[in-house]
Structures are given as C-alpha cells and as structure tokens.
Amino acid sequence: MRSASSPGDSAAGLTRRRFARIATLGLVAGAGAPGAASAAATAEGPGQVHYVRARALAGSDPVLLALARALTPGVELPRPPSPAPVKLFDNLVMLSAGWVSAMAVLTDEGIVLIDALTSSAEAEAVVVGGLREVGASPETIRYVVVTHGHDDHFGGAQYLADRYGARVLMTPADWDLVARADPDHAPARDLEIADGQCLTLGDTGIRLHHTPGHTAGTVSPIIPLRAGRMRHTAMLWGGTNPPAGLAELRSYRAAVRSFRARMREAGVDVELSNHPNDHGLQRAEQLRQQPEGVNPFVLGRPRAQRYMAVMDLMLRGRIADAYGTSRRK
C-alpha cells in the first residue's frame, strides 16, 4: 500500500457509493462536519474561546475535527457496529468492536496486542477470529499492553494470557486501579510499564510513555510501522475522555505537551486511536476499499503535531471551565 501525508485525504478518494456504505454503518453522522463540534458545545463559558481556536486550527481536516468534537463537553461518542479486521500497515492490524478497538503489532517473533477489548467472548471473536481472518496466528500473541485500567481495554486480557501464555502489561497506577475495582474478569497482576520503556519483540521496539489524565496510569505507545519499503512511526493516545477534576485536567494537559515532544523526537507521522474519536473507522473503511491508494492514517509529521495542538487547546478549554466552576463554589 502507498503512503501519503496530505491533509484531507481520508474522504477525498471515496466514490459516492463507497461513502454511502460507510454512512449505512453509522460511521459518518456527526463525525467530521465542520459545525459538528460547535453544535454539540455546551453553553458559553470561559473555555469557549479555546474550543473555538481548536476548531479553527482543525479547519476542514476530518481527523482533527473529529478529535475536537470528541473532546467537546457533553458529547457522547458513537457506538457503530463492529467492522471486519483490516491491516492498516504491513505489520499492524486493527481489530475493532466498533466503539472500542485493539491494535495487533506483527513482528518476526510474535504479536504485541495493544488493548484486549471488553471480555473473553469479544477477545475470542474479534481478536482471535480477526487475526486468523487476516492470516496472522493468535497463538503467537506474546504481550498484551493495556493502555489504561478500564474494562473495555483489559476485559479480554486474562483470556489471552490463559489461552496463549501472553504476558499482560499495565502501569503500576492502573494495576492498582483494577485491583480496587476488582471485577471478575480482571487480569492477574503481571508486568508493570515503566515510563518511556521500550518493549522489544523480535525486530520491533515499541516505546511506552506514561500519559496520565484519563486515568492516573494511562500509557501511550509509539510504534514503528512498515508499508512496503516505506517506514512510518505511529502514536496511539491511550485515553481520550478527559477527567472532571481541575488537578487531573492539568495533569492531562501536561501529559499532552510532554507526549507531543516525544512524538516530535520520534518523528511520528501516523495517528491511531482505541475509540472512534478520530475518524479512524472511516479511514479504515477507505483503506479496505482502496488498499493500493494513499494510506489515510499517515498524517505526516506537521499534521500529527497539529492533532496534539488541537487536543491541547481543547484541554485548555476544559481547564478554564473547571476553574470557573471552582471559583463560583
């Protein structure tokens, strides 16, 4: 598959028929229209100036607009149906239940799975079944990296550990979070992720950065990718929905700024997400329909940086709103 980095590619190559097919899956409505974020915005408040700036920075870019909308207060993310698995790159497979997704990084010594969906049943149907469908072997899953300690991300981890001997990784703070909740399907405490550590399997090293905010121990990976002779570097922001508390929001924004610097250092030009908050399912459908066309997940380095700048502005708005609320109490 070819790669490109021009903004706005994600919808440009779709015929009307193909775009209609995505719409019937429930993936188009409200996901990227320029007015979508403003229509969903809450009443005018101190954060509004930052939300307006974020939407202006997003321009007509469907990926950035979807992010701004997802971070707008009061917005609910869509719950689209589960799509078929799709190879986004030669060594990366999206395994999606629709409203939440896992990513399988394929190496010459096995698979690193980023997140494990909501349950054993979902892990078996979507992860195991999906890997087989694209010609990969689930028996070679060696690691499950859990981006944060919510059950829509760790729900199938213990099943994969029991069935294939996969090691499960989470940050210490989120292992503690899971232990406090103590759900029946929680994975047994296993490996802990240190900030900035490189998880290496075969020919692939995945850098894992602590990005607290969504939870105290959220982790965001930076992943090397291949597309034919082209090489790319992806980021996956581990938890998008912001917290309510002012201190936690400030921690979240600090993580955004720190991770943005790490992205710049690593040369990140690809953006991924574990929820449909980034026009990702639409882009996956485009790639499925046009596998030899431009890869819509390749944003290019400047656009990837702008993605984080939009996130930063939306967090500034959230902080301003939270601060204003605390002052009125």
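Hi everyone, this is a short tour of one protein model, from its overall makeup to a buried proline and a handful of salt bridges. Please keep in mind that the model is predicted.

Let's start with the whole chain. The protein has 12 helices and 12 strands. It runs to 329 residues, and 55% of them count as buried. If you look at contacts between residues at least 6 apart in sequence, 68% of those join residues at least 24 apart. As for the outside, the accessible surface is about 13300 Å², with 51% of that belonging to carbon and sulfur atoms.

Now please find Pro221, which sits in strand S10, residues 219–227. Is this proline buried or exposed? Its relative accessibility is 0%, so Pro221 counts as buried. And what does Pro221 touch, once we set aside its neighbours within four places in sequence? The contacts are Ile114, Ile206, Arg207, Leu208, Ala234, Met235, Leu236 and Phe259. There is also Gly238 to look at: it is 17 residues from Pro221 along the chain, and the two C-alpha atoms are 7.5 Å apart.

On to the charged side chains. A search of the whole structure turns up 14 salt bridges, and I'd like to show you a few.

Take Arg167 and Asp190, whose closest N and O atoms are 2.7 Å apart. This pair links distant parts of the chain, 23 residues apart: Arg167 belongs to strand S6, residues 167–170, while Asp190 is in the loop between helix H9 and strand S7. Both partners are partly exposed, Arg167 at 37% relative accessibility and Asp190 at 25%.

Right beside Asp190 in sequence is Arg189, which forms a salt bridge with Asp176, again with 2.7 Å between the closest N and O atoms. Asp176 is in helix H9 and Arg189 is in the loop between H9 and S7, so this bridge ties together parts that are 13 residues apart in sequence. Asp176 is partly exposed at 34%, and Arg189 is partly exposed too, at 43%.

A third example stays within one helix. Arg288 and Glu285 form a salt bridge, with their closest N and O atoms 3.2 Å apart. Both lie in helix H11, residues 280–289, and they are three residues apart, about one turn of the helix. Here the partners fall into separate classes: Arg288 is partly exposed at 26%, whereas Glu285 is buried at 4%.

Finally, have a look at Asp61, Arg303 and Arg306, which are linked in a network of salt bridges. Thanks for listening!

Technical notes. Residues are numbered from 1 along each chain as its sequence is written. This is a predicted model: local features need pLDDT of at least 70, side-chain atom pairs count only at pLDDT 80 or more; totals for chains, interfaces and linings use all residues. Side-chain values use heavy atoms; hydrogens and water are left out. Helices (H or I, at least four residues) and strands (E, at least two) are DSSP runs, numbered from the N terminus. Buried means under 20% relative accessible area, exposed over 50%, partly exposed in between (1.4 Å probe, protein chains only). Contact means heavy atoms within 4.5 Å. Accessible areas come from the Shrake-Rupley method with a 1.4 Å probe; for residues, only the protein chains shown count as cover. A salt bridge is a side-chain nitrogen of Lys or Arg within 4 Å of a carboxyl oxygen of Asp or Glu.
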